[in-house]
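I opened the notebook to go through one chain, entry by entry. The plan was to look up charges, cysteines, backbone angles and a few distances.

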Amino acid sequence: MAEFRLPPASRVQQGKSHDAAGAQAAKAKNFKIYRWNPDNGGNPRMDEYRIDLSKCGPMVLDALIHIKNDIDPTLTFRRSCREGICGSCAMNIDGTNTLACTKAIADVGGDVKVTPLPHMPVVKDLVPDLNHVYKQYEEIEPWLQTDDPGTDRERLQSAEESDTLNGHDGHGPAACILCFCCSTSCPSYWWNSDKFLGPAVLLQAWRWIADSRDRAQKKRLDKLEGPFALYRCHTIMNCTKTCPKGLNPAKAIAEIKKRMISRKTAT
């Protein structure tokens with residue numbers, strides 16, 4: 001039987017333990033957090049922090065900020081808006097890709113395990129390297145393209161056209177915040193990220209293809225032709241299940257495929 005193991009330098013080891021709650025803490029919680037520092041050349045490790053929840057807010061991000069500010073200043077992670085808008089604090093919490101700022105500590109039973117987004121190079125600790133996915137995002141040219149003469153007024157849409165982008169419930173493709181929780185939960189993207197654009201970028205591609213004000217649909221669809229950029233999607237649905245904004249990247253990918261078929265049958 002074949003045995004598959006991580007390379008020795010990649011195996012996660014048991015790390016340090018920090019008991020900052022004390023015996024008198026009425027609301028103690030244990031956090032297990034992935035740590036890796038590229039400067040020391042060591043293996044990644046899982047450090048444990050026992051904290052008093054009365055000293056921080058209710059979200060996982062609040063706990064991480066408390067740990068960094070009051071317990072271990074070496075802990076590294078991204079964060080910005082704290083409102084589920086910017087996508088900076090995307091990470092894997094309790095086995096699911098989500099936003100630390102909108103994930104309630106109370107929703108996690110037992111220890112809270114926090115690791116970086118999976119299958120991405122790690123810069124340090126909980127910070128993934130997003131250079132590759134942003135390069136793919138650039139490839140779809142995510143801006144309005146039109147040959148219409150310039151105007152000093154807004155380009156109008158009907159309510160139905162606007163709903164295509166925003167969704168009648170606010171869960172349309174324009175609501176994507178590029179946190180990449182979906183792409184990093186997709187097995188097809190794990191194995192083919194060099195060529196497959198992944199759910200997040202394809203959701204963004206659909207946002208522009210579906211925009212009634214855009215005039216570059218043919219060029220946008222041409223760029224997605226071929227066996228990899230679009231068609232590596234096998235409708236596993238991890239992307240839709242994990243999206244912290246409640247969006248549906250799988251449906252967006254299906255809509256692009258329908259447009260592909262429509263234009264081929266029309267020629």
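**Arg215 and its partner**

I began with Arg215, which is partly exposed at a relative accessible area of 49%. The model is a predicted one, and I read every entry below with that in mind. I then looked for a charged partner and found a salt bridge from Arg215 to Asp148, with 3.8 Å between the closest N and O atoms. Arg215 sits in the loop between helix H5 (198-209) and H6, and Asp148 in the loop between H2 and H3, so the pair ties together parts that are 67 residues apart in sequence. Asp148 is partly exposed as well, with a relative accessible area of 36%.

**Lys219 and Glu141**

Next I looked up Lys219, whose side chain meets that of Glu141 in a salt bridge (2.9 Å, N to O). This pair links distant parts of the chain, 78 residues apart: Lys219 is in helix H6 (residues 217-223) and Glu141 in the loop between helix H2 (131-139) and H3. I noted Lys219 as partly exposed, at 37% relative accessibility.

**Glu255 and Lys258**

I turned to a pair within one helix. Glu255 and Lys258 form a salt bridge, the closest N and O atoms being 3.5 Å apart. Both residues lie in helix H8 (residues 249-266), and three residues, about one turn of the helix, separate them. Glu255 counts as partly exposed at 21% relative accessibility; the cut-off for buried is under 20%, so Glu255 falls outside that class. Lys258 is partly exposed too, with a relative accessible area of 48%. Salt bridges with shared partners also join Arg35, Arg45, Asp47, Asp72 and Asp125 into one network. The count I recorded for the chain is 17 salt bridges.

I also took a distance from Glu255. Its C-alpha atom is separated by 15 Å from that of Leu197, and the two residues are 58 apart along the chain.

**Negative patch**

I looked for charge on the surface and found a negative patch formed by Glu160, Glu161, Asp163 and Asp169. Asp169 belongs to the loop between helix H3 (159-166) and helix H4 (187-192). Its relative accessible area is 46%, which makes Asp169 partly exposed.

**Cysteines**

How many disulfides does the count come to? I recorded zero. I checked Cys101 to see why. The closest cysteine sulfur to that of Cys101 belongs to Cys89, at 3.6 Å, which is too far for a bond. The rule asks for sulfur atoms within 2.5 Å, so a pair beyond that limit is not counted. Cys101 counts as buried, with 9% relative accessibility.

I did the same for Cys233. Cys233 is in no disulfide, and the nearest cysteine sulfur, in Cys239, is 6.4 Å away. Cys233 is also buried, at 14% relative accessibility.

**Positive phi**

I went through the backbone for positive phi outside glycine. Phe180 has a phi near 65 degrees, a positive value in a residue other than glycine. Phe180 is in the loop between H3 and H4. Is Phe180 buried or exposed? I found Phe180 buried, at 2% relative accessibility.

Thr235 was another entry, with a positive phi of about 55 degrees although it is not a glycine. The place of Thr235 is the loop between H6 and helix H7 (238-242). At 48% relative accessibility, Thr235 counts as partly exposed.

**Arg5**

I looked up Arg5 in the segment before strand S1 (13-19). Arg5 is exposed, and I noted its relative accessible area as 57%. From the C-alpha atom of Arg5 to that of Gln217 the separation is 45 Å, with their positions 212 residues apart along the chain.

**Whole chain**

I left the overall values for the end. The secondary structure comes to eight helices and eight strands. The C-alpha trace spans about 70 × 50 × 30 Å along its principal axes. Of the 267 residues of the chain, 43% count as buried.

Conventions:
Residues are numbered from 1 along each chain as its sequence is written. This is a predicted model: local features need pLDDT of at least 70, side-chain atom pairs count only at pLDDT 80 or more; totals for chains, interfaces and linings use all residues. Side-chain values use heavy atoms; hydrogens and water are left out. Patches are made of residues with over 30% relative accessible area and no salt bridge: like charges are joined within 9 Å, nonpolar side chains (Val, Leu, Ile, Met, Phe, Trp, Tyr) within 5 Å. Accessible areas come from the Shrake-Rupley method with a 1.4 Å probe; for residues, only the protein chains shown count as cover. A salt bridge is a side-chain nitrogen of Lys or Arg within 4 Å of a carboxyl oxygen of Asp or Glu. Lys and Arg count as positive and Asp and Glu as negative; His and the chain ends are not counted. The place of a charge is taken as NZ of Lys, CZ of Arg, CG of Asp or CD of Glu. Helices (H or I, at least four residues) and strands (E, at least two) are DSSP runs, numbered from the N terminus. Buried means under 20% relative accessible area, exposed over 50%, partly exposed in between (1.4 Å probe, protein chains only).
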